[in-house]
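This report describes selected local features of one protein chain. It proceeds from charged pairs to helix packing, surface and backbone.

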Amino acid sequence: MTGTDALGVGRTRATTMREGFAILGVAIRREPKVFAVATIGSLLFGALTVADAWVLGWATDHVVLPAFRDGRVDTSLLIAVVALFVGVALLRAAGIVARRVGAGIMQARMWSHDRRDLTRQYLSLPMEWHQRRPTGQLLSNANSDVEAAWGPIAPLPMALGTVAMMVIALIQMLLADWVLALIGILVFPMVIATNIIFQRVVSPLMTRAQALRAELSEIAHESFDGAMVVKTLGREDEETRRFAEKAHQLRDTVVRAGRARAAFDPALAALPELAVLLVLVVGVSRVLAGEIEPGAVVTVAYLLTIVSFPIRAIGWLLGEFPRSVVGYERIRSVLEESTRVDYGSETLARSGPGAALSLDQVGFGYSPETGLLDDVSFDIAPGSTIALVGATASGKSTLTALVGRLRDPDRGRITIDGTDVRHLRHGALAAATAMVSQSAFLFEDTVRGNVTLGGDFTDEQVWEALRIAQADGFVAALAHGLDTELGERGTSLSGGQRQRISLARALVRRPRLLVLDDATSAVDPEVEARILAALRSEGAAATLLVVAYRKATIGLADEVLFLDDGRIVDRGTHADLLTRNPAYAELVNAYETEEPA
Ligand SMILES: Nc1ncnc2c1ncn2[C@@H]1O[C@H](COP(=O)(O)OP(=O)(O)O)[C@@H](O)[C@H]1O
Ligand SMILES: [Mg+2]
């Protein structure tokens, strides 16, 4: 028989069982001490629960029955019995505490261990890996997959204690009376089987409900994110319907799980009780026949009731396995991903204001079949300002991504101050360069927090960066200046204001090479020109590579690189290119006429 898990991969029950136990093995190897404490607590509890039955049987024969027979109670015996009950109860309580706290600690440690590993891995995986995966998946790896993987840890100590309890109970029943013990031998497997069947019916429903909950919140998230589109285009009804459909599916699934529970719960409760009835019927006749003492009947009946309930823990444990195996596998697939960014050990030789950037026969394509950049070579002298101009989709953003090492070229090399960027040690490139892209991302933080990103900068430095980015004016006008909270993704600012804050974030770090990929597209043309002028005169003489469209901006650059068909087809001043290169002239003039007045 095969079950279909959330990944849609068929997996036999036997495999799930084996893998489930293997995952438990991983947890036990990682946390042997906590596991030992929890298990010992559970065994103590199990053994004492059974001992309780023995105390009860013993008290029946030595205290209760003599009391009925003789009409008086032996006080010292009564005290002994009370002390026994109290002692056993206290030790059981200690066992429960050790088991629960131990299981909780063990599970929480497994979660935190894997979440930290995942986060570290996310940070070290290259951009290209991240672009292949939706954000929601990364979050669900770190949240629900981690929780699912270690779900069986919670019932594990109790299940182990229950197994021990069952073995001891059966031995004790056999010692009490083998005929009555037969009933126990029959009932325990039936309770276990019913539990496992219940888990098999309910588990897939719970997994489905979990997935539906995720889908539901995804729809809600998307609707809220796209609130503008939804409202302005009058799509409220469609969005409501989309949401309602999922909500109804979720409701039906949860109701189905509830129905299954309603059917199984009475059966699970009735089984041991029917068995107790049987024990009484059979036991009484054997007592009357003088074959056993009444205490044996009490012991067996009590054992049946108390052991049948914790047997559920075995069902919980095994029922968690399918989810656990799938979650664990998903975490593994991320952790075992080996496409890491390789760093070298070199540092940049120079530390003067402007860095020299040089591309040497750089080739790159997003897939092996379709090349994008081919044989791109150019040098940029320290402190100069170069505009990169090319048609849409000609590869300008890709080129800036290569310079910032968000990706590595397929061929050729990129050097900064003569050092191949791939040979730089981790952090060296980021310390010397800054990239600002068109989509300005702001954090839910203050203006200051968004500029410094937790770095150690004085307010003067922050204001200086804001001033060059032409953002000082509107920031000063905000209610709390630098301390103004910007809200999620900076929604309280206009697009152009967001871009200027993210430019200031790059500037405050005093980069030696600043790469602007259309970073001021939402800013007014004359403000954009002022920014570039300020960068040139006050930007600490950083080397500037600017992807730009507007003539006024391009005109401020020392030189223009014209990118066409994956190659740098021309290089020169804006004025020279305008006169000698008709394709260039056509492109920049087209930009100008497209721009709204
Ligand atoms: N992550 C990516 N995966 C695959 N193709 C991409 C990716 N990013 C960009 N491209 C493609 O590469 C080409 C160049 O994109 P881009 O460098 O953004 O151009 P530009 O910035 O000049 O407009 C486009 O055809 C685009 O569709
Ligand atoms: Mg682009």
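## Salt bridges: criterion and total

A salt bridge is taken here as a side-chain nitrogen of Lys or Arg lying within 4 Å of a carboxyl oxygen of Asp or Glu. The model is predicted, and the values below are computed from it.

By this criterion, Arg580 and Asp570 are joined through their side chains, with an N to O distance of 2.7 Å. Arg580 belongs to helix α20 (residues 574-580) and Asp570 to strand β12 (residues 567-572), so that distant parts of the chain, ten residues apart, are linked. The two partners can be placed by their accessibility: Arg580 is partly exposed at 45%, whereas Asp570 is buried at 15%. A search of the whole structure returns 28 salt bridges.

## Further charged pairs

Asp114 and Arg30 form another salt bridge, in which the closest N and O atoms are 3.3 Å apart. Because Asp114 lies in helix α3 and Arg30 in helix α1 (residues 13-30), the pair ties together parts that are 84 residues apart in sequence. Asp114 has a relative accessibility of 0% and counts as buried; Arg30, with a relative accessible area of 24%, is partly exposed.

A salt bridge also connects the side chains of Asp459 and Arg448, at 3.1 Å from N to O. This pair links helix α15 (residues 459-468), which holds Asp459, to helix α14 (residues 447-452), which holds Arg448; the residues are eleven apart. Asp459 has a relative accessible area of 33% and is partly exposed. Arg448 is partly exposed too, with a value of 24%.

## A shared network

Which residues are joined into one network by salt bridges that share partners? They are Asp374, Asp375, Arg411 and Arg567. In general terms, side chains of opposite charge can pair when their charged atoms come close.

## Packing of helices α2 and α3

Helix α2 (residues 32-70) and helix α3 have axes that come within 7 Å and cross at roughly 160 degrees. An angle over 145 degrees counts as roughly antiparallel, and α2 is therefore roughly antiparallel to α3. The crossing of α2 past α3 is left-handed.

Helix α3 spans residues 75-124. Asp114, described above as the partner of Arg30, is located in this helix.

## A nonpolar surface patch

Val73, Leu78, Val82, Val86 and Leu90 make a nonpolar surface patch of about 420 Å². One of these residues, Val82, has its place in helix α3. Val82 has a relative accessible area of 45% and is partly exposed. Residues in such a patch must have over 30% relative accessible area, a condition that Val82 meets because its value is 45%.

## Positive phi angles

Asp518 is not a glycine, yet its phi is positive, at about 55 degrees. Asp518 is situated in the loop between β9 (513-517) and α18 (525-538). Is this residue buried or exposed? With a relative accessible area of 10%, Asp518 is buried.

Asp565 likewise has a positive phi, near 55 degrees, in a residue other than glycine. The loop between β11 (559-564) and β12 contains Asp565. Its relative accessibility is 70%, so Asp565 counts as exposed. Strand β12, at one end of this loop, is also the strand that contains Asp570, the salt-bridge partner in helix α20's link to that strand.

Methods
Residues are numbered from 1 along each chain as its sequence is written. Chains are lettered from A and ligands numbered from 1 in the order in which they are written. This is a predicted model: local features need pLDDT of at least 70, side-chain atom pairs count only at pLDDT 80 or more; totals for chains, interfaces and linings use all residues. Side-chain values use heavy atoms; hydrogens and water are left out. Patches are made of residues with over 30% relative accessible area and no salt bridge: like charges are joined within 9 Å, nonpolar side chains (Val, Leu, Ile, Met, Phe, Trp, Tyr) within 5 Å. Accessible areas come from the Shrake-Rupley method with a 1.4 Å probe; for residues, only the protein chains shown count as cover. Helices (H or I, at least four residues) and strands (E, at least two) are DSSP runs, numbered from the N terminus. Buried means under 20% relative accessible area, exposed over 50%, partly exposed in between (1.4 Å probe, protein chains only). Axes are lines fitted to C-alpha atoms, for helices over the stretch in contact, and angles run from 0 to 180 degrees between N-to-C directions. Angles under 35 degrees count as roughly parallel, over 145 as roughly antiparallel, 65 to 115 as roughly perpendicular and the rest as oblique. A crossing is left-handed if the near helix is turned anticlockwise from the far one by less than a right angle, and right-handed if clockwise.
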